[in-house]
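Visitor: I would like to learn how to read a few features of a structure, one at a time. Could we take each general idea and then look at the case in front of us?

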Amino acid sequence: MVSIFTYGSLMDQKLMHSIVKGKYKAVKATLHGYIRRKVFNFKFPAIVEDKESKIVGVLWLDVDEDDVTRLDHYESVGYLYNKTNINV
């Protein structure tokens, strides 16, 4: 199981639970050293490193691997998004 930091539409509990099968605890979290940016010609945000910035989001705790796969599919990981391990 892993924890997943969300900073856009997946902060919304109703949307998140429409994608995943499990019910996960969500806590407010801050990611330091990054800034949220709009992606040109897309509706969704992205994050990039910026030492002076921080992003407030939601950390979903103990997400199982099947739901991580569902989220990867929803987020088009490998096509539009890349995943990385970070400390929140």
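Visitor: Which residues does His-17 touch, not counting residues up to four places away in sequence?

Guide: Bear in mind that this is a predicted model. With those sequence neighbours left out, His-17 touches Gly-22, Lys-23, Tyr-24 and Trp-60. His-17 itself has its place in helix 1, which covers residues 13-19.

Visitor: Is His-17 buried or exposed?

Guide: His-17 counts as buried because its relative accessible area is 18%, and the cut-off for that class is under 20%.

Visitor: How should I read nonpolar residues that come together, and which residues make up the largest nonpolar core?

Guide: The general idea is that in soluble globular proteins nonpolar side chains tend to be buried together. Here the largest nonpolar core has 11 residues, among them Ile-4, Leu-10, Met-16, Ile-19, Tyr-24, Trp-60 and Leu-71. Helix 1, strand 3 and helix 2 are the elements that give two or more residues to this core, and strand 3 gives the most, with 3 residues. A second, separate core has 8 residues, including Phe-5, Ala-29, Ile-55 and Leu-59.

Visitor: What does Ile-19 touch, not counting residues up to four places away in sequence?

Guide: Under that restriction Ile-19 touches Leu-10, Arg-70, Leu-71 and Tyr-74, and of these Leu-10 and Leu-71 are also listed in the largest nonpolar core.

Visitor: How is empty space found, and what is the volume of the largest pocket?

Guide: In general, rolling a probe the size of a water molecule over the atoms shows where empty space is left. In this model the largest pocket has a volume of about 1,100 Å³. Its lining consists of 33 residues, of which Ile-4, Phe-5, Tyr-7, Asn-82 and Lys-83 lie nearest the centre of the pocket. Strand 1 (2-6), strand 2 (26-38), strand 3 and helix 2 (65-75) are the elements that give two or more residues to this lining, with the largest share, 6 residues, coming from helix 2. By class, the lining of the largest pocket has 22 nonpolar, 7 polar and 4 charged residues.

Visitor: What is worth noting about the phi of Asp-62?

Guide: As a general rule, most residues other than glycine have a negative phi. The phi of Asp-62, however, is near 55°, a positive value in a residue other than glycine. Asp-62 is found in strand 3, residues 45-63, and Asp-62 counts as partly exposed because its relative accessibility is 47%.

Definitions and conventions: Residues numbered from 1 in each chain as written. Predicted model: local features only at pLDDT ≥ 70, side-chain atom pairs only at ≥ 80, totals over all residues. Heavy atoms only, no water. Helix = DSSP H or I, 4+ residues; strand = E, 2+ residues; numbered from the N terminus. Buried < 20%, exposed > 50% of the residue type's maximum accessible area, 1.4 Å probe, protein only. Contact = heavy atoms within 4.5 Å. 1 Å grid on protein atoms, 1.4 Å probe; cavity = no way out; pocket = protein on both sides within 12 Å on 5 of 7 lines; lining within 4 Å. Points joined across faces, edges and corners; volume = space filled by probe spheres on them. Nonpolar A, V, L, I, M, F, W, Y, C, P; charged D, E, K, R; others polar. Core = buried A, V, L, I, M, F, W, Y, C linked by side-chain atoms within 4.5 Å.
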